[in-house]
Amino acid sequence: MPKRMKALAIAAGLGCAALSGVAFATPAAPPAPAAAAPQAAAEGAGVSNTAPTSAAAPATAAPTSPLLAQDGAPATTIDPNVGLPIDGRIGLQPQVTKNGEFAHWMHNGVLLPVITAICILVLVLLAWVAFRYRRAANPVPSKTSHNTLIEVLWTLGPVVVLVLIAIPSIGLLQAQFKPAPAGAVTLKAIGNQWYWTYQYPDHGGIEITANMLKEKDQVSPGERARTDADGPRLLAVDNRIVLPVGVPIRLITTSNDVIHSWAIPAFWMKLDAVPGRLNETSFTIDKPGLYFGQCSELCGARHAFMPIAVQAVPPAQFAAWVAAKGGKMPGSAAPSSSVIPQPGAEGSAVEAAQANAAEAVTGPADNMATPAQSPTSAQGATGNPAGPGNAGQ
């Protein structure tokens, strides 16, 4: 009983103290209801309320589509025997285009046998002449100056050999530069120091910027490093281009600065990219897979760090990838006739706009050099925040 009375006395004392504080304290402004609601909601959802300036950098968002899951393209497994160089291999890479297969046959079935036969013939003749007409066996040299039969043979023989080589060679050259048919997929490759930019003008203007992926000991904080799933060292890129299998490809190359060259050995493809000029060729990929190449024209200090990665997929998967990238498929059998602008070409809209802007600021000037405009591309789909052209720097 005394303990209960003591507890009641303490409670009464605390109540009186609280009433006196309310009576004499200056009333505080009520908290803004708008600020209280988000605080409660954030805490309820488990989200940190740390200020963005002091919070850790958020992780790169995952791609919104599985078709962009691996280097901006559908996830795939690299075939170690096709589409990439192999240490110790002698000969050409396995070819996946009709022109490449024909060139591979011509190299192994025509050129190598002819070269081998000529080398052996010349070596045998030299050995025979050195042995047969040495001083000991031929003390009195012949004074013969002409032999009609031998002269006819050594003239007609090479002519026949060259004609036999020229017939398939001319056919291969013609096939390599055959214009693309209607309905071909147009891919425009633009060379820059030192990265590639790609455009799909027939598919909603999709634009992709591809930088080389660096090694783990070379990346900056927040930048993604190369893994074995991305491709070999110096050949893996942060954004692959995707092309359909069995559909003609219309390849157009140009450059924003110096001469580059777009080359994929497995396609039997090498096309120069020249500033102010459009070069064009066509090819058709026969087998799905991942194929690697690189710039094959000396273009500056980082020429060796301009890789190319092409992922060939079935047409249905290509259409889904185009949709995932925000593009659209052209109508069936629609001719590939989109206007392909030449960056910096004389009389082009880009050059005219740059000249007008420069004249408005500095007045008319002859031979004014205009700064190159570096293309931009979102790298978020691959988790690589690096901007265009800074690979390896």
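Mentor: A crossing of two helices is called left-handed if the near helix is turned anticlockwise from the far one by less than a right angle, and right-handed if the turn is clockwise. Please keep in mind as we go that this is a predicted model.

Trainee: Is the crossing of H3 and H4 left-handed or right-handed?

Mentor: H3 and H4 cross in the left-handed sense. Helix H3 covers residues 98–132 and helix H4 covers residues 148–176, and the two pack at an angle of about 160° with 11 Å between their axes.

Trainee: What does that angle tell me about the directions of H3 and H4?

Mentor: Angles over 145 degrees count as roughly antiparallel, and H3 and H4 are therefore roughly antiparallel to each other. If you look for the residues that meet, H3 contributes Phe102, Met106, Leu111 and Ile118, among others, while the partners in H4 include Val161, Ile165, Pro168 and Leu172.

Trainee: How many helices and strands does the protein have?

Mentor: The protein has six helices and 10 strands. Of its 393 residues, 33% are buried.

Trainee: How should I read a sheet, and in which order do the strands of the sheet with S1 stand?

Mentor: The general idea is that strands of a sheet pair through backbone hydrogen bonds, in either a parallel or an antiparallel way. Here five strands form an open sheet with mixed pairing, and their order is S3-S2-S1-S5-S8. The edges are taken by S3 (206–210) and S8 (279–284), and each has a single partner strand, so one side of each is left without a neighbour in the sheet. On average, neighbouring strands of this sheet are turned by 25° against each other, direction ignored.

Trainee: Is S3 largely enclosed or not, and why?

Mentor: Although S3 stands at an edge of its sheet, four of its five residues are buried, so S3 is largely enclosed by the rest of the structure. Its pairing with S2 (residues 195–200) is antiparallel and runs over five bridges. Within that pairing, Trp196 stands opposite Ala210 in S3, and Tyr198 stands opposite Ile208 in S3. Five residues lie between the strands of this hairpin, where Gly204 takes a positive phi near 85°.

Trainee: Which strands form the sheet that contains S9?

Mentor: That open sheet has five strands in the order S4-S10-S9-S6-S7, again with mixed pairing. Its edges are S4 (241–244) and S7 (269–273), each with a single partner strand, so one side of each is left without a neighbour in the sheet. Strands S9 (residues 289–295) and S10 (residues 307–313) run antiparallel and are joined by six bridges, with Gly289 opposite Ala312 in S10. Helix H5 (residues 315–324) lies across S4 and S10, running at about 140° to S4.

Trainee: How many disulfides does a search of the whole structure find?

Mentor: The idea is to ask whether two cysteine sulfur atoms lie within 2.5 Å, and a search of the whole structure finds zero disulfides.

Trainee: Why is Cys295 without a bond to the closest cysteine sulfur?

Mentor: The closest cysteine sulfur to that of Cys295 belongs to Cys299 and is 3.9 Å away, which is too far for a bond.

Trainee: Are Cys295 and Cys299 buried or exposed?

Mentor: Buried means under 20% relative accessible area, so Cys295, at 4% relative accessibility, counts as buried. Cys299, also at 4%, counts as buried too.

Conventions:
Residues are numbered from 1 along each chain as its sequence is written. This is a predicted model: local features need pLDDT of at least 70, side-chain atom pairs count only at pLDDT 80 or more; totals for chains, interfaces and linings use all residues. Side-chain values use heavy atoms; hydrogens and water are left out. Buried means under 20% relative accessible area, exposed over 50%, partly exposed in between (1.4 Å probe, protein chains only). Two strands pair if DSSP finds at least two bridges between them. Axes are lines fitted to C-alpha atoms, for helices over the stretch in contact, and angles run from 0 to 180 degrees between N-to-C directions. Angles under 35 degrees count as roughly parallel, over 145 as roughly antiparallel, 65 to 115 as roughly perpendicular and the rest as oblique. Contact means heavy atoms within 4.5 Å.
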